[in-house]
Amino acid sequence: ITIFGWHINYMNIVIFPVVFGYGISGGVQLIHRYVESASVMTAVKKTGMAVIASSVTTLIGWGALLISNHRGLASMGVLACFGITASLFAALVVMPSLLQVVIDRREKDGI
């Protein structure tokens with residue numbers, strides 16, 4: 001199986017649950033803060049740095065595999081870094097934007 005020119009094998013298939021978990025974790029933290037503050041912007045301002053710090057420290061750990069001489073380990077590092085960066089973008093940009101759109105529509109419809 002090939003995704004974006006990367007071959008998915010037994011070595012890097014382990015990365016998918018890790019990336020999925022980080023995506024969920026960042027999203028849950030932001031949603032929880034939104035429920036407490038009732039403001040998307042406040043949620044991102046107050047919790048965004050914690051989500052970034054968590055992702056960056058994880059990226060540093062997985063990024064160490066990028067310099068590995070073993071092709072399987074290096075591919076795990078590439079996939080993990082790409083996936084965690086994408087999940088960070090989704091948690092800090094996509095999810096708050098969609099949440100604000102839903103909130104605006106509810107206010108407009110009077111729900």
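Where is the place of Ser54? Select Ser54 and you will land in helix H2. Before moving on, keep in mind that this is a predicted model.

**Stop 1: Ser54 and its neighbour Ser55**

Is Ser54 buried, exposed or partly exposed? Ser54 counts as partly exposed, because its relative accessibility is 28%. Now add Leu88 to your selection and draw a line between the two C-alpha atoms: Ser54 and Leu88 are 34 residues apart along the chain, and their C-alpha atoms are separated by 9.6 Å.

Next, pick Ser55, also found in helix H2. Ser55 has a relative accessible area of 5%, so it is buried. Which residues is Ser55 in contact with, leaving aside its neighbours within four places in sequence? Show Tyr22, Ile84 and Leu88 to see them.

**Stop 2: into the core**

From Ser55, hop across to Ile84. Not counting residues up to four places away in sequence, Ile84 touches Ser55 and Thr58, and also Val19, Leu59 and Trp62. Ile84 belongs to the largest nonpolar core, as do Val19, Leu59 and Trp62.

To see this core whole, select its 10 residues: Ile15 and Val19, then Leu59, Trp62 and Leu65, and finally Met76, Leu79, Ala80, Cys81 and Ile84. Colour them by element, and three helices show up as giving two or more residues each: H1 (15-37), H2 (40-63) and H3 (71-109). Which helix provides the largest share of this core? That is H3, with five residues. As background, nonpolar side chains in soluble globular proteins tend to be buried together.

**Stop 3: along H3**

Stay on helix H3 and choose Leu73. With a relative accessible area of 30%, Leu73 is partly exposed; the cut-off for buried is under 20%, so Leu73 does not reach it. Its contacts, leaving aside neighbours within four places in sequence, are Met11, Leu65 and Ser68. Leu65 is one of the residues of the core you have just visited. For a longer view, add Met41: Leu73 and Met41 are 32 residues apart in sequence, and 38 Å lie between their C-alpha atoms.

Now move along to Ala91, which also lies in helix H3. Is Ala91 buried or exposed? Ala91 counts as buried, because its relative accessibility is 5%. Show Gly26, Gly27, Leu30 and Pro96 around Ala91: these are its contacts once neighbours within four places in sequence are left aside. Ile52 is worth adding too, since it sits 39 residues from Ala91 in sequence, with 9.6 Å from C-alpha to C-alpha.

**Stop 4: Thr47 and its partner**

Leu30 also leads to the next stop, Thr47, which is found in helix H2. Thr47 counts as buried, because its relative accessibility is 7%. Which residues does Thr47 touch, not counting those up to four places away in sequence? Display Gln29, Leu30 and Arg33. Look closely at Arg33: its side chain makes a polar contact with the side chain of Thr47, at 3.1 Å.

**Stop 5: the loop at Ala38**

Select Ala38, in the loop between H1 and H2. Ala38 is exposed, because its relative accessible area is 61%. Check its backbone as well: phi of Ala38 is near 60°, a positive value in a residue other than glycine.

**Stop 6: the largest pocket**

For the last stop, turn on the surface. Rolling a probe the size of a water molecule over the atoms shows where empty space is left. The largest pocket has a volume of about 210 Å³. Which residues of its lining lie nearest its centre? Select His7, Asn9, Asn12, Arg71 and Ser75, which are part of a lining of 10 residues.

Strand S2 (6-7) and H3 each supply at least two residues of this lining, and H3 gives the most, with five residues. Colour the lining by residue type and you will find four nonpolar residues, five polar and one charged. Helix H3 has thus appeared twice on this tour: it gives the largest share of the largest nonpolar core, and it gives the most to the lining of the largest pocket.

Terms used: Residues numbered from 1 in each chain as written. Predicted model: local features only at pLDDT ≥ 70, side-chain atom pairs only at ≥ 80, totals over all residues. Heavy atoms only, no water. Core = buried A, V, L, I, M, F, W, Y, C linked by side-chain atoms within 4.5 Å. Buried < 20%, exposed > 50% of the residue type's maximum accessible area, 1.4 Å probe, protein only. Helix = DSSP H or I, 4+ residues; strand = E, 2+ residues; numbered from the N terminus. Contact = heavy atoms within 4.5 Å. 1 Å grid on protein atoms, 1.4 Å probe; cavity = no way out; pocket = protein on both sides within 12 Å on 5 of 7 lines; lining within 4 Å. Points joined across faces, edges and corners; volume = space filled by probe spheres on them. Nonpolar A, V, L, I, M, F, W, Y, C, P; charged D, E, K, R; others polar. Polar contact = N/O pair within 3.5 Å; in protein donor to acceptor, adjacent residues only side chain to side chain.
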